[in-house]
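This report describes a protein model for a reader who has not seen it before. Please look over the sequence and the structure shown here before reading on.

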Amino acid sequence: MSAVSSPRPMSLRALREVDLDAVMEIELRGYPFPWTRGIFVDCLRAGYPALALDDDGVLVGYGVLSIAADEAHVLNVCIDPACQTRGLGRRLFRALVKLARDHGAHRVFLEVRPSNTPAVALYHSEGFNEIGRRPRYYPARDGREDALVMAIELVDDDIQTMPPL
């Protein structure tokens, strides 16, 4: 009788430059105006904290933060469109917020397109609030689109009291 190996579980790990081919494939499928490979390289070489979500050896998502003083900024978070609606974005996003907290951040900011209603709903459900708008922030097919600016204050036990998955 042969042993059947069980698939490796979904795992989070540091994003590395060797992941960038897979990152770019997801980025191009996930966004109408994707980041360039050079932006990812610059972020990684600058030491920005970044996570990869790995499913049995296949990259299915990633996120990048910048952290300065006691503030973090979610710069990019993406799940492969073929893997969305399975709770992976929430898992990755929570890991990014925890990473920010682990690096001493007291506040986390992000920008999101108002037209990205699933992302806006996710961020609201995780305790982020709209604190402003950046007019004409994003390129769009018909010109420019505003960005919603959202933030959360990280206070004691926030991570433990987030809504369950």
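In an unreviewed UniProt entry, the annotation "binding site" covers N116. This residue is found in the loop between β5 and α4 (117-125). In the model, which is predicted, N116 has a relative accessible area of 30% and is therefore partly exposed, as this value lies between the limits of 20% for buried and 50% for exposed.

**The sheet**

β5, the strand before that loop, belongs to an open sheet of 7 strands, in the order β1-β2-β3-β4-β5-β7-β6, with mixed pairing. The edge strands, β1 (11-14) and β6 (129-140), each pair on one side only. From one strand to the next, the twist averages 25°. Strands of a sheet pair through backbone hydrogen bonds, in either a parallel or an antiparallel way.

Three of the pairings are set out below.

| Strands | Sense | Bridges | Residues facing each other |
|---|---|---|---|
| β3 (residues 58-68) and β4 | antiparallel | 8 bridges | L65 and V74 |
| β4 and β5 (residues 107-112) | parallel | 4 bridges | H73 and F109 |
| β5 and β7 (residues 143-153) | antiparallel | 6 bridges | V108 and I152 |

**Strand β4 and its surroundings**

β3 and β4 form a hairpin with 2 residues between the strands, and there A69 takes a positive phi near 55°. On the β5 side, the connection includes a helix: β4, helix α3 (residues 88-102) and β5 make a right-handed β-α-β unit.

Is strand β4 enclosed or open to the outside? Of the 9 residues of β4 (residues 71-79), 7 are buried, so the strand is largely enclosed by the rest of the structure.

Two helices lie against this part of the sheet. Helix α1 (residues 20-30) lies across β3 and β4 and runs at about 90° to β3. Helix α2 (residues 37-45) also packs on the sheet, where it touches β2 (50-55), β3 and β4. The direction of α2 makes about 55° with that of β3.

**Cysteines**

A disulfide is a covalent bond between the sulfur atoms of two cysteines. How many disulfides does the structure hold? The number is 0. C43 has a relative accessible area of 7% and C78 is at 4% relative accessibility, so both count as buried, the limit being under 20%.

Terms used:
Residues are numbered from 1 along each chain as its sequence is written. This is a predicted model: local features need pLDDT of at least 70, side-chain atom pairs count only at pLDDT 80 or more; totals for chains, interfaces and linings use all residues. Side-chain values use heavy atoms; hydrogens and water are left out. Buried means under 20% relative accessible area, exposed over 50%, partly exposed in between (1.4 Å probe, protein chains only). Two strands pair if DSSP finds at least two bridges between them. A crossover is right-handed if, with the strands pointing away from the viewer, the path from the first strand over the helix to the second runs clockwise. UniProt positions are given in the numbering used here, feature names are shortened, and annotations may be inferred rather than shown by experiment. A disulfide is a pair of cysteine sulfur atoms within 2.5 Å. Axes are lines fitted to C-alpha atoms, for helices over the stretch in contact, and angles run from 0 to 180 degrees between N-to-C directions. Contact means heavy atoms within 4.5 Å.
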